Amino acid sequence: MGKQELRTAAKVSLEQPAAEQACLHNRWHPDIPFCGTIKNEEVVKIECVDWTGGQIGNNDSANDVRDVDLTRVHYLTGPFEIETAEPGDVLVVEIQDVQPFQDQPWGFTGVFAKSNGGGFLDELYPDAAKAIWDFEGIFCSSRHIPGVRFAGLIHPGILGCAPSPEVLATWNKREGELISACSHLDRDVALPPNAQSVHVGSGGDDIKEKVGKEGARTIPGRPEHGGNCDIKNLSRGSKVYLPVHVKGAKFSVGDLHFSQGDGEISFCGAIEMAGVITIKFTVMKNGMKDLGMKSPIYVPGPVEPQFGPGRYIYFEGFSVDEHGKQHYMDATVAYRQTSLRVIEYLRRFGYSDYQIYLLLSCAPVQGHVAGIVDIPNACTTMGVPIDIFDFDISPHVKAEKKDMGSCAFAT
C-alpha cells in the first residue's frame, strides 16, 4: 500500500446522460449485471453522479426541482462483484474519503412539490424550492440562505448489496400490501415496481424488461440490506456492515451528500452532489450468522464538525399535532412538531419558512428521540448549532429581523 495510485473502479460522465452509462443503475434486482470486480481487502475510488442524474442545475429557479422525474432516480454506481463474497457473509465497507468533483464544486438542496414527491412538511409547504451551495474546502455557503456557513459532514446516502430473488419478492409483497391497505389515503405510501425509465447498466432488453416488472425502487432503505438510509454519520472513517444475499455481493453506492441534517426532512434535503468515494472492502465470512445480523450496523468515523458543549439550541416536539389533536406515542408527529418549533424560532431573524425548511434538511442539526415510554406523548428534539450563523441566535439575545433574500422558487 502507498506505492501506487488507488484504482478507480468506475468512472462516470457529467456530460453523458446517466441513463446511457453502463456503470449506473436505478433499481435493486439480483439480475442487474456486474459493472466491475473488486478484490477482498482492496481500496478503490468509485465515481458517482448526483442522485437525480444531473436533472438539477446551478441557477436561481426551482422549476427543475418541481419537474424532476422521480422514475429516473436514484442513479447508483455498481453493482460490483466483491471477490469471495457469498450469501450469508457480511461485507465490511470502510468509507475512507468522499469528495465532490473538482470541476463541480457545488451542490443543491430541494423541497419537492407536494404533487411530485413531497416531503416531511408538505402539507404546510407544498411548493417546490431550492438552495444552491458553494463548496470552499470543507465549508459551504449559499446565496439562497445568507448568514450561514458550516463544515460538511460528507457521506453517501445509499450503500447496499443486491437482494436475492427471495428477498426481492419479500420486499414487493410487503410494500404491495401496504399500498393496498392505504389506498384510501391521498398520498403515496410506497412505490411499486415501475418500468418507466428503468436503467440496468449494461444489461440487455430482456433484463431491462424483467427488472422493470420486478425491480425494487431505490427510494426507501430496507432492513435486509440498508440502501437509502441517509445516515449523516456514515462519513469518513466509518465502517458499515452489510448483509450479503447473492454471490459476489453486487454492491452499489450513490446519492453523495456534502452535508445533511438528521431526518433529511425536505426529502431532497441533503446538499446533494456528484463526486468520488474511496472505500475499502472486506468480506467477513459467515458474518450474518456470527453477528446475528438482520439489518446493517455501522461504527461512525472520527470526523465530525465540532461545535462544543453548549453550542446547540435544542427544540422539543410532542405527539400533539398543529391542529391540537393528540396522537398516541407518534414520534413522526413529534419530530414534525419539533421541526415547526425551529422554523417559528428562526423566522424571527428574517428567514422565510422555506429557507429554514431547506436549512434544517441540510445543516448538521442533531435529531433525537428523547422519550418514547411516557404515554400518550413521544418527545423528540432537534439541536441547531449556534455557530453556523454569522450572528447570534441565542435565546437571551433579542432577535433582529434582517433582509435574508430568498431561496429559489418555481415560476
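## Buried polar residues, cores and a helix in a predicted model

Ser 235 is located in the loop connecting strand E13 (226–228) with strand E14 (239–243); strands (E, at least two residues) and helices (H or I, at least four) are DSSP runs numbered from the N terminus. The model is predicted, so that local features need pLDDT of at least 70 and side-chain atom pairs count only at pLDDT 80 or more, while totals for chains, interfaces and linings use all residues. Residues are numbered from 1 along each chain as its sequence is written, and side-chain values use heavy atoms, with hydrogens and water left out.

**Two buried polar residues**

Ser 235 is buried, at 1% relative accessibility; buried means under 20% relative accessible area, exposed over 50%, and partly exposed in between (1.4 Å probe, protein chains only). Contacts (heavy atoms within 4.5 Å) of Ser 235, apart from residues up to four places away in sequence, are with Ile 95, Leu 153, Ile 154, His 155 and Val 303. Glu 47, in strand E4 (residues 43–48), is also buried, with a relative accessible area of 13%. Outside its neighbours within four places in sequence, Glu 47 contacts residues including Thr 8, Lys 11, Val 12 and Phe 101. The side chains of both residues reach backbone atoms, as tabulated.

| Side chain | Backbone atom reached | Distance |
|---|---|---|
| Ser 235 | oxygen of Ile 154 | 2.6 Å |
| Glu 47 | nitrogen of Val 12 | 2.9 Å |

**Nonpolar cores**

In soluble globular proteins, nonpolar side chains tend to be buried together. A nonpolar core here is a set of buried Ala, Val, Leu, Ile, Met, Phe, Trp, Tyr and Cys residues joined through side-chain atoms within 4.5 Å. The largest has 80 residues, and Ile 46 and Phe 251 have the most contacts inside it. Helix H6 (residues 353–362) gives the most to this core, namely seven residues. Domain 1 (7–299) and domain 2 (309–402) each supply at least three residues to this core; the domain bounds come from an automatic or database assignment. A second, separate core of 15 residues includes Ile 56, Val 65, Trp 106 and Ile 132.

**Helix H2**

Helix H2 (residues 165–181) has 17 residues and an expected span of 24 Å at 1.5 Å a residue, which agrees with the 24 Å between its end C-alpha atoms. Its buried residues are Val 167, Leu 168, Trp 171 and Glu 175. Because these cover an arc of only 100° around the axis, they lie on the same side of H2. They pack against helix H3 (205–214) and strand E12 (221–222). On the other side of H2, the exposed residues are Pro 165, Glu 166, Lys 173, Ser 180 and Ala 181.

How values were computed. Polar contact = N/O pair within 3.5 Å; in protein donor to acceptor, adjacent residues only side chain to side chain. Expected span 1.5 Å × (residues − 1). Arc of directions from axis to C-beta.
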